[in-house]
Amino acid sequence: MRSIVDHLIDGIITIDENGVVESYNPAAEKIFGYSAAEVVGNNVKTLMPDSDHSEHDGDLATYLRSGVGIGRELVMRRKDGSTFPMDLAVSAFLLGHRRYFTGLVRDISERKRAEEALRTSESRFRLLVEGIKDYAVVMLDRTGNIQTWNGGAELLFGYKAEEIIGQPLRRFLPPQDVERNTQEEELRKALVLGKVGAEDWRVRKDGTQFWANYATTPLYDSHGELQGFAYITRDLTERKQAETDLRNVVEELSRSNLDLEQFAYVASHDLQEPLRAVAGCVQVLKKRYQGKLDDRADELIVHTVDGVSRMQTLIDDLLTFSRVGTGGKAFEPADCNRILDKALANLEAAIAEAGVVVTRDQLPVAKADAVQMTQLFQNLVGNAIKFRGKELPRIHVGVRREHAHWVFFVRDNGIGMEPEYFERIFVIFQRLHTRAEYTGTGIGLAICKKIVERHGGRITVESKPGLGSTFSFTIPEKGSLS
């Protein structure tokens with residue numbers, strides 16, 4: 001028995017009727033810091049804080065009179081003067097005619113600290129939950145009745161805590177959901193899935209409805225027993241309205257863009273016939289009368305012919321621009337090498353005239369509109385030829401893989417441009433130079449941008465004045481063949 005007592009992790013102290021310590025095991029020595037020799041034969045008050053002797057005497061007297069006590073908590077003193085909380089259980093026994101009491105003591109400092117930390121954590125959590133105003137955070141019992149109600153819930157639903165605690169969650173549901181037992185179904189799903197969440201209508205105290213996002217999560221104790229549910233929701237009315245407004249704007253823009261494309265197409269198409277008639281008349285005038293009238297008449301004839309020619313080019317470009325979105329072909333696997341060959345063939349005269357050196361990478365097979373891709377390469381390479389510098393013109397057409405895209409690029413050593421023009425050049429009718437310097441309608445790069453965007457990519461430019469430009473555009477690799 002002594003061996004068992006000496007190896008217990010709890011302290012064992014035996015005192016007589018007068019409170020004199022009769023025995024004191026090694027565990028008690030570790031707990032209190034006193035050796036057995038310092039305690040045995042002395043009153044147990046040695047182990048109690050001096051200022052609390054009277055209080056503890058009362059506690060001890062109670063134990064002595066009753067003869068037994070379990071689970072009593074006292075504050076005790078160590079040899080170094082520090083105090084600590086102790087759990088005490090006392091049993092009484094008779095030895096001869098004398099009565100003795102044995103106390104089982106345990107230092108519960110760690111447990112107290114853990115309990116205090118838990119209380120602090122719970123208090124902070126309650127303050128946090130109460131301080132949340134954008135979310136309603138509600139705890140439900142196992143049947144879906146409301147148990148807690150934070151400030152956010154009061155603001156959102158309009159109920160005070162005393163008005164709603166104990167009420168079922170269905171109080172917030174629209175009538176049609178109440179009839180369908182939606183609440184019970186959500187709780188069942190939460191138990192099966194671990195969490196359910198969605199967006200739906202909810203009802204305030206005043207009867208108004210709002211669009212809400214919500215989540216329901218079952219709560220279990222450490223033994224796995226269901227304790228209830230956590231229900232968190234917030235008002236998404238403004239977001240839903242914004243989404244509706246945005247959708248309406250997008251639809252309106254789509255209709256407007258379609259109307260503009262149709263207008264551009266019809267206007268350009270309808271202008272072709274009268275313009276051809278004007279062009280024909282002007283050509284007759286030039287053939288019959290140029291050199292037969294005065295110099296001013298010859299000058300006017302030249303300006304008229306030039307103006308008609310530029311108008312025809314502009315109308316052709318407008319028709320091309322308007323047809324990118326509506327007149328394109330379905331995407332099919334297309335060999336970009338052959339597409340580039342065709343574009344370069346169309347530019348053969350310009351390449352030869354300017355003495356341009358064109359180099360190229362091996363290009364992939366991509367899912368695209370081959371006709372529009374030809375137009376894209378032709379416009380970019382044609383631009384590089386047009387805006388060449390004084391050096392021998394060099395143009396390289398390359399490609400690289402980047403994430404899930406092909407990145408094609410056309411690099412030249414031409415005149416380049418300032419960064420402030422990088423976005424402007426892709427806007428229709430935007431020009432950086434006069435017609436006297438460089439010909440064109442200001443639609444070519446806008447067409448390129450529209451073609452690239454139709455293919456799900458984007459087009460950009462990097463350039464420095466005098467150091468050339470690199471136009472890059474992406475085509476999604478998904479569905480492409482390398």
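Two strands count as paired if DSSP finds at least two bridges between them. That criterion underlies the strand pairings reported here for this predicted model.

## Overall make-up

The chain has 482 residues, and 37% of them count as buried. Its secondary structure comes to 15 helices and 16 strands. Among contacts with a separation of 6 or more, 54% link residues 24 or more positions apart.

## Strands 1, 4 and 5

Strand 1 covers residues 11-16, and strand 5 covers residues 98-107. The two pair in the antiparallel sense over six bridges. Asp-16 stands opposite Tyr-100 in strand 5.

Asp-16 itself belongs to strand 1. Is Asp-16 buried or exposed? Its relative accessible area is 5%. The cut-off for buried is under 20%, so Asp-16 is buried. The side chain of Asp-16 has polar partners. One of its polar atoms lies 2.8 Å from the backbone nitrogen of Asn-18. The side chain of Asp-16 also makes a polar contact with the side chain of Arg-98, at 3.3 Å.

Strand 5 also pairs with strand 4 (residues 83-95). These two run antiparallel and are joined by 10 bridges. Met-86 has Asp-107 of strand 5 as its bridge partner. Strand 4 and strand 5 form a hairpin, with two residues between them. In the turn, Gly-96 has a positive phi of about 70°.

## The four-strand sheet and helix 9

Four strands make an open sheet in the order 6-9-8-7, with antiparallel pairing. Strand 6 and strand 7 are the edge strands, each pairing on one side only. From one strand to the next, the twist averages 30°. Within this sheet, strand 7 and strand 8 pair over eight bridges. Asp-200 stands opposite Ala-212 in strand 8.

Helix 9 packs on the sheet and touches strand 6, strand 7, strand 8 and strand 9. The direction of helix 9 makes about 45° with that of strand 8.

Helix 9 spans residues 182-193, which is 12 residues. From first C-alpha to last, it reaches 16 Å, close to the 16 Å expected at 1.5 Å a residue. Which residues of helix 9 are buried? They are Thr-182, Gln-183, Glu-186, Leu-187 and Ala-190. Seen down the axis of helix 9, these buried residues fall within an arc of 135°, so they line one face of the helix. They pack against strand 6 (136-140), helix 8 (175-179), strand 7 (196-203), strand 8 (209-220) and strand 9 (226-235). Just after helix 9, Gly-194 takes a positive phi of about 90°.

## The five-strand sheet and helix 12

A further open sheet has five strands in the order 11-13-14-16-15, and its pairing is mixed. Strand 11 (357-360) and strand 15 (459-463) stand at the edges. Each has a single partner strand, so one side of each is left without a neighbour in the sheet. The twist here averages 20° from one strand to the next. Strand 11 and strand 13 pair in the parallel sense over four bridges. Arg-360 stands opposite Val-397 in strand 13.

His-403 sits in the loop between strand 13 (394-402) and strand 14 (405-412). Phi of His-403 is near 55°, a positive value in a residue other than glycine. His-403 is exposed, with a relative accessible area of 77%.

Helix 12 lies across strand 11, strand 13 and strand 14. It runs at about 170° to strand 11. Helix 12 covers residues 336-346, and its buried residues are Cys-336, Asn-337, Ile-339, Leu-340, Ala-343 and Leu-344. Why do these residues share a side of helix 12? They cover an arc of only 160° around the axis, which puts them on the same side. On the other side of helix 12, Arg-338 and Lys-342 are exposed. Asp-335 caps the N-terminal end of helix 12. A side-chain oxygen of Asp-335 lies 2.9 Å from the backbone nitrogen of Asn-337.

## Strand pairs side by side

| Strand pair | Sense | Bridges | Opposite residues |
|---|---|---|---|
| Strand 1 and strand 5 | antiparallel | six bridges | Asp-16 and Tyr-100 |
| Strand 4 and strand 5 | antiparallel | 10 bridges | Met-86 and Asp-107 |
| Strand 7 and strand 8 | antiparallel | eight bridges | Asp-200 and Ala-212 |
| Strand 11 and strand 13 | parallel | four bridges | Arg-360 and Val-397 |

Key
Residues numbered from 1 in each chain as written. Predicted model: local features only at pLDDT ≥ 70, side-chain atom pairs only at ≥ 80, totals over all residues. Heavy atoms only, no water. Buried < 20%, exposed > 50% of the residue type's maximum accessible area, 1.4 Å probe, protein only. Arc of directions from axis to C-beta. Polar contact = N/O pair within 3.5 Å; in protein donor to acceptor, adjacent residues only side chain to side chain. Expected span 1.5 Å × (residues − 1). Contact = heavy atoms within 4.5 Å. Axes fitted to C-alpha atoms, helices over the stretch in contact; angles between N-to-C directions.
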